[in-house]
Amino acid sequence: MTEPPRPVSRRPRSGGRGDPHRARYGPYQGGPDPLLPPVDLREALEAIGNDVLEGASPRRALRELMRRGTADTRGLDDLAARANRRRRELLERNHLGGTLDEVRELLERALLAERKELARALDDDARFSELQLDELPSSTAQAVRDLSEYRWRDASARADYEKIRELLGRELLDQRFAGMKEALAGATDEDRDRIDAMLRDLNDLLDKHSRGEDTQSDFDEFMAAHGDYFPENPQNTEELLDSLARRAAAAQRLRNSLTTEQRAELDALAQQAFGSPSLIDQLDRLDANLRAARPGEDWDGTQRFRGDDGMGLGEATGALADIAELEQLAEQLSQQYAGAQLDDIDPEALARQLGDGAAADARTLAELEQALQRQGFLARGADGQWRLSPKAMRQLGQSAFRDVAQRLSGRSGERDTQRAGATGEPTGASRGWEFGDTEPWDVTRTVTNAVLRAAQQGNPLTSDRIQLQVSDVEVAETEQRVHAAVALLVDTSFSMVMDGRWVPMKRTALALNHLITTRFRGDDLQLIAFGRLAQQLTPAELAGLDGAWDQGTNLHHALLLAGRHLRRNPNAQPVVLIVTDGEPTAHLEPDGHAFFDYPPHPKTLGLTVREFDNLARLGAAVTIFRLGDDPGLARVVDKMAQRVGGRVVAPDLDGLGAAVVSDYMRLRRR
């Protein structure tokens with residue numbers, strides 16, 4: 001892959017070679033492209049968070065992100081599909097008989113020209129030659145061999161016949177050494193002698209290597225004499241073996257893929273290469289050395305080509321090598337094998353087969369995965385399982401709250417304000433300045449940040465000047481004098497999953513938690529999930545909660561936990577927010593087990609109403625957010641809300657978060 005150039009040295013500027021501002025440029029070596037924008041962790045984290053909210057583990061969510069990619073980066077599935085598509089195109093566009101077709105065409109052209117020349121001749125030798133040509137066997141290889149001693153009369157016919165021998169030699173060499181077919185076009189006897197010497201020296205070197213007798217100087221001497229035949233520029237015998245064995249194995253797979261008749265024809269023709277069997281003998285010796293040195297290569301595979309475009313032996317070998325590389329890439333990109341990592345993907349092979357853009361996409365995905373872990377968004381728990389870190393949960397809560405704020409702003413014509421409380425009483429805390437903030441600066445923290453930043457960057461401070469940056473500024477937080485004890489009760493019965501309410505419910509809880517923990521830190525929020533039974537959950541536990549077939553909506557148990565939370569905060573304003581899509585169908589028995597019945601049992605309804613009455617005696621403000629249009633649910637929640645002086649809100653799913661946050665703010669100001 002060609003990387004953008006970068007300066008590799010600096011020189012003085014004042015003319016000539018001493019110019020300090022002059023620079024030499026060369027290919028960029030190593031590391032990601034410095035001109036590319038940094039990976040967008042926020043977009044990636046939001047995508048992972050959505051999958052986690054739907055019930056996926058963080059590790060699985062990360063894997064799904066790698067498969068799908070991002071808005072600007074193709075995912076592994078797309079890259080694997082492109083690799084498979086290219087492999088299929090190679091198989092469907094080409095066939096392996098190109099060399100045989102070319103030999104047959106040259107032979108027919110030579111025979112036609114020779115017969116025309118013989119027809120014009122009147123001597124007996126011409127008639128005898130015609131008989132020789134008429135008796136040629138139908139096999140192309142046999143005909144080429146029988147004509148080896150034939151005395152051609154037509155010069156063009158003789159030239160075409162000689163091209164057959166030259167073509168076969170070039171093709172056989174091109175199978176083992178890429179580009180040899182073109183390099184040997186019009187080769188002289190001296191060129192062929194050099195090839196023969198290279199093959200002998202190569203086999204001698206590999207023989208010594210197999211016995212463990214070779215040295216680096218042996219390899220260096222070989223490359224000094226024959227290095228122009230190896231553009232891969234191997235640095236030792238092992239690297240030389242690797243490059244040769246891959247292509248030789250592809251040549252063997254080509255042979256395996258031919259029909260029996262095609263193999264027989266090519267084997268017979270190979271003996272005529274360059275008019276001497278010595279070439280095929282050297283190549284057979286080379287193949288034996290390579291097979292012994294690299295038995296792990298695929299020497300027995302086959303491929304079925306189905307296209308119309310004929311390929312020569314060298315071209316077909318290259319195609320089979322490409323197919324093997326594409327199959328390996330497809331496996332690497334699938335990441336379905338044990339211990340799979342993005343580092344397994346070969347970027348050089350990806351660039352060769354799918355282009356530099358594909359290699360850049362794979363590298364970006366790997367950097368994204370590493371950045372998520374390096375910056376602490378993914379953390380491994382004590383049980384070895386990956387989890388979203390508190391930092392990641394804050395980011396998800398911020399994202400959920402941002403969506404809620406946008407809906408509130410669009411609905412009421414207000415903008416999202418950073419003001420923490422209406423009365424503006426300082427909390428003693430500060431936070432980084434954000435666009436739109438109107439709170440006063442915390443001068444002490446701002447100046448301290450500037451001093452620490454300068455010290456970390458190694459910039460000396462002057463006695464009379466401190467340079468501030470926007471990132472240094474902190475503002476004093478304010479909040480209202482009142483504080484609230486808030487219980488958010490969320491329905492986690494299976495109907496919430498089945499009807500697509502699972503993720504909106506979780507995002508609502510995260511948005512409310514983010515608002516309280518960042519703007520109203522004096523408030524105490526308790527998240528309570530209720531299905532067959534109720535339980536208190538942290539935001540991270542709720543985010544990772546799996547949807548399960550859990551019959552029962554135990555609002556009774558949830559209200560018991562909410563009451564306990566409110567009683568622990570006797571001086572706080574009590575607020576109870578309930579999100580549900582079903583009637584109360586379960587209650588908690590004295591022995592701790594859940595009783596379930598549908599339609600709702602009178603005892604279940606009675607116990608649930610009694611807990612509502614207990615909340616009313618605590619002075620709690622209650623709002624029920626009813627999801628769905630079930631008339632039975634509507635009747636029940638309306639009556640319960642009327643009994644405690646609360647209210648019922650029936651938002652759509654997109655507006656659930658805005659409805660809950662808005663009602664929390666309304667009750668808090670009351």
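User: Let's start with helix α24. Which residues of α24 are buried?

Analyst: Keep in mind that this is a predicted model. To call a residue buried, look for a relative accessible area under 20%. In α24 that picks out G632, L633, A634, V636, V637, M640 and A641.

User: And what covers the buried residues of α24?

Analyst: Look for heavy-atom contacts from other elements. Here the cover includes two helix and strand neighbours from earlier in the numbering, β12 (573-580) and α23 (602-617). It also includes β15 (621-626) and β16 (647-649).

User: How far apart are the end C-alpha atoms of α24, and what span should its 13 residues give?

Analyst: Take 1.5 Å times one less than the number of residues. For residues 631-643 the expected span is 18 Å, and the end C-alpha atoms sit 19 Å apart, so the two agree.

User: What should I check at the start of α24?

Analyst: Try the side chain beside the opening backbone. A side-chain oxygen of D630 comes to within 3.3 Å of the backbone nitrogen of G632. For the other end, check the backbone angles: just after α24, G645 has a positive phi of about 70 degrees.

User: Now salt bridges. How many are there by this rule?

Analyst: The test is a side-chain nitrogen of Lys or Arg within 4 Å of a carboxyl oxygen of Asp or Glu. With that, the count is 32 salt bridges.

User: Where do R200 and D196 lie, and how many residues apart are they?

Analyst: Both belong to helix α9 (residues 189-210), and they are 4 residues apart, about one turn of the helix. Their side chains form a salt bridge at 2.3 Å, N to O. R200 is partly exposed, because its relative accessibility is 37%.

User: Which other salt bridge has both partners in one helix, as D663 and R666 do in α25?

Analyst: The R200 and D196 pair in α9 is one such case. As for D663 and R666, they are 3 residues apart in helix α25 (residues 656-669), again about one turn. Their closest N and O atoms are 2.8 Å apart. D663 is buried, at a relative accessible area of 1%, while R666 is partly exposed at 32%. Salt bridges can also chain up through shared partners: E64, R67 and D77 are joined that way into one network.

User: What about E474 and R445: which parts of the chain hold them?

Analyst: Start with the geometry: the side chains of E474 and R445 meet in a salt bridge at 3.8 Å, N to O. This pair links distant parts of the chain, with E474 in strand β8 (residues 474-479) and R445 in helix α18 (residues 443-456), 29 residues apart. E474 is buried at 12% relative accessible area, whereas R445 is partly exposed at 35%.

User: Is T492, in the loop between β9 and α19, buried or exposed?

Analyst: Go by the accessibility value. The loop runs between β9 (484-491) and α19 (494-498), and T492 is buried there, with a relative accessible area of 9%. Leaving out residues up to four places away in sequence, T492 touches W502, M505, A529, F530, G531 and L545.

User: Last one: which residues form a nonpolar patch on the surface?

Analyst: Scan for nonpolar side chains that stay accessible. W433, W441, V443, V447, I466, L468 and V470 form such a patch, with about 640 Å² of accessible area together. One of them, V470, sits in the loop between α18 and β8. V470 counts as exposed because its relative accessibility is 59%.

Definitions and conventions
Residues are numbered from 1 along each chain as its sequence is written. This is a predicted model: local features need pLDDT of at least 70, side-chain atom pairs count only at pLDDT 80 or more; totals for chains, interfaces and linings use all residues. Side-chain values use heavy atoms; hydrogens and water are left out. Buried means under 20% relative accessible area, exposed over 50%, partly exposed in between (1.4 Å probe, protein chains only). Contact means heavy atoms within 4.5 Å. A polar contact is a pair of N or O atoms within 3.5 Å; within protein, one must be able to donate a hydrogen and the other to accept it, and residues adjacent in sequence count only if both atoms are side-chain atoms. Patches are made of residues with over 30% relative accessible area and no salt bridge: like charges are joined within 9 Å, nonpolar side chains (Val, Leu, Ile, Met, Phe, Trp, Tyr) within 5 Å. Accessible areas come from the Shrake-Rupley method with a 1.4 Å probe; for residues, only the protein chains shown count as cover.
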